[in-house]
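The following exercises are to be worked through with the sequence and the model at hand. Each task is followed by a solution in steps.

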Amino acid sequence: MLQRNYRTTEELQAADAAHHWHPFTDTKELSAEGSRVIRSAEGIWLTDSDGNRILDGMSGLWCVNVGYGRREIAEAAYRQMQELPFYNTFFKSTHVPALELGEKLAEITQPQFNRVFYCSSGSEANDTIIRLVRTFWAAQGKPEKSVIIARRNAYHGSTVGGASLGGMSAMHEQGSLPIPDIHHIRQPYWFDEGGDMNEVEFGLACARALEDAIDTIGADKIAAFIGEPIQGAGGVIIPPDNYWPEIERICRERDILLVADEVICGFGRTGHWFGSDHYSFKPDLMAMAKGLSSGYLPIGGVMISDRVAEPVIEHAGEFFHGYTYSGHPAACAAALENIAILEREAVVDHVRDVAAPHLAKRWAELGEHPLVGQARTKGLLGALELVPAKPERRRFPNEGTVGTICRDISFENRLVMRAVRDSMIIAPPLVITTDEIDELAKRAEKTLNDTHAKLKADGWL
Ligand code: PMP
């Protein structure tokens, strides 16, 4: 094993605190506590620097879909690095892994998609989309169609463009975002915002918010609507089933492009290849990253439908956009091997037919817990809404505090669950077995019990 294991956990933490500034982190707080050092991983299990084995309920960061320790992917990248570690895809050049991955992506995505634009992350994919949808309309003599409609509490990345599309107010407050011509509408989050409506009424109301925004702004000013089929980082927000068909109808009627951010939902997460397949809608553009390589190497992309590609190719001339690592050979080789594993092992079918139904059952049992106001899943995404007094959908005071308490207890129980405000969320590797799902549910139940006891002891309940 190539491991530098001659330093103690404390030494590693001190070096980390001195020199490594972490993403989405309160650095003062982290420096006081010390980072958790993850050493190695296999399947769905992480091992930390003290030798603890932790069940990774979050697939790293929603990405290690085929699980850890896949030698095939490491070897594919290694072989590619020996043959051609890098060459650019600008200036009329290409290489075999980039073109072969393009062929494969055209095969596994919906028929309108025949071209991919490569990048290295989900944020870069969404930045590409901002430029591409505006170029699409400008190429047809409609440069004033430039507004992009997104949702509040959506997550589309951390670059200036991605964070602007996202609807996270805390992110907007840092750095004067969003950029101009991004408009946010309500999200389809029934548990928090459904009020007296049932889910069907609420789904329609949320889709109609798009229609209202179009009426106010004017369809002649709007380029596109973008959404995650299921909001991930916002808290695993599963829209009512009638939401996406209605959104699609509105986009078609008003002639605005429909963009799916598939960074989390893509590559099998819902039990279909893509979230838009699950909800049966046809996007004009799709952002992808994470599960494209199961996180083994950084790679993202935008799938471009023929409808979008043709006028841009025909009338826009050069598209002045690209990244040094667009179509990086080793990342493409890793992605190709990752997709080969998904196909060879029928991982998407495993999610749909075995893992997702089993998780749904176990999760529903957790829904009976006194702390859980709602337990929901779709595919291998799950959320537990923590509440003080069910069945009321009222929240704890100081939103986020109870979620953080529960998340820390979950770690002590050797289960990675993430807290989004007071929702506990999971997105385990897609290869998780039914026995491992039972183990995940057992640890989650213990975590709920321990959290309940602590909240009682501390006077929250
Ligand atoms: N879109 C969605 C839906 C995401 O969940 C994320 C990352 N969590 C991104 C975009 C941004 O991807 P990246 O972090 O690779 O830039």
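A residue is counted as near a molecule if one of its heavy atoms lies within 4 Å of that molecule. The model used throughout is a predicted one.

**Exercise 1. The surroundings of the ligand**

Task: State which residues surround the ligand, and describe the shell by class.

Solution.
Step 1. Applying the 4 Å cut-off, one finds Ser121, Gly122, Ser123, Asn126, Tyr155, His156, Gly157, Glu228, Asp261, Val263, Ile264 and Lys290 around the ligand.
Step 2. Sorted by class, this shell consists of three nonpolar, six polar and three charged residues.
Step 3. Helix 6 (residues 122-138) supplies the largest share of the shell, namely three residues.

**Exercise 2. Polar atoms close to the ligand nitrogens**

Task: Determine how far polar atoms of aspartate 261, lysine 290 and tyrosine 155 lie from a nitrogen atom of the ligand.

Solution.
Step 1. For aspartate 261, a polar side-chain atom is 2.7 Å from a ligand nitrogen atom.
Step 2. For lysine 290, a polar side-chain atom is 3.0 Å from a nitrogen atom of the ligand.
Step 3. For tyrosine 155, the atom concerned is a backbone N or O, and its distance to a ligand nitrogen is 3.5 Å.
Step 4. The ligand on its own has 390 Å² of accessible area, of which the protein covers 83%.

**Exercise 3. The length and packing of helix 16**

Task: Check whether the span of helix 16 (residues 401-412) agrees with the expected value, and identify its buried residues.

Solution.
Step 1. The expected span is 1.5 Å times one less than the number of residues; for the 12 residues of helix 16 this gives 16 Å.
Step 2. The end C-alpha atoms of helix 16 are 17 Å apart, which agrees with the expectation.
Step 3. The buried residues of helix 16 are Val402, Gly403, Ile405, Cys406, Ile409, Ser410 and Phe411.
Step 4. An α-helix has 3.6 residues a turn, so residues three or four places apart point the same way.
Step 5. The buried residues of helix 16 pack against several elements, among them strand 3 (53-56), strand 12 (381-386) and helix 17 (434-457).
Step 6. After helix 16 comes arginine 414, with a positive phi near 60°.

**Exercise 4. Tryptophan 244: buried or exposed?**

Task: Classify tryptophan 244 and list residues that it touches.

Solution.
Step 1. Tryptophan 244 belongs to helix 11 (residues 243-253).
Step 2. Buried means under 20% relative accessible area; tryptophan 244 has 0% and therefore counts as buried.
Step 3. Not counting residues up to four places away in sequence, tryptophan 244 touches residues including Arg151, Phe225, Glu228 and Tyr279.
Step 4. Glu228 also belongs to the residues around the ligand.
Step 5. Tryptophan 244 and alanine 207 are 37 residues apart in sequence, yet their C-alpha atoms are 7.7 Å apart in space.

**Exercise 5. Two residues with positive phi**

Task: Compare the settings of phenylalanine 24 and serine 294.

Solution.
Step 1. Phenylalanine 24 is not a glycine, but its phi is positive, about 45°; for serine 294, phi is near 50°.
Step 2. Phenylalanine 24 is placed in the loop between helix 1 (9-19) and helix 2 (27-33), whereas serine 294 is in the loop between strand 9 and strand 10.
Step 3. Exposed means over 50% relative accessible area; phenylalanine 24, at 63%, is therefore exposed.
Step 4. Serine 294 has a relative accessible area of 1% and is therefore buried.

Note on methods: Residues are numbered from 1 along each chain as its sequence is written. This is a predicted model: local features need pLDDT of at least 70, side-chain atom pairs count only at pLDDT 80 or more; totals for chains, interfaces and linings use all residues. Side-chain values use heavy atoms; hydrogens and water are left out. A polar contact is a pair of N or O atoms within 3.5 Å; within protein, one must be able to donate a hydrogen and the other to accept it, and residues adjacent in sequence count only if both atoms are side-chain atoms. Accessible areas come from the Shrake-Rupley method with a 1.4 Å probe; for residues, only the protein chains shown count as cover. Helices (H or I, at least four residues) and strands (E, at least two) are DSSP runs, numbered from the N terminus. Ala, Val, Leu, Ile, Met, Phe, Trp, Tyr, Cys and Pro count as nonpolar, Asp, Glu, Lys and Arg as charged, and the others, Gly among them, as polar. Buried means under 20% relative accessible area, exposed over 50%, partly exposed in between (1.4 Å probe, protein chains only). Contact means heavy atoms within 4.5 Å.
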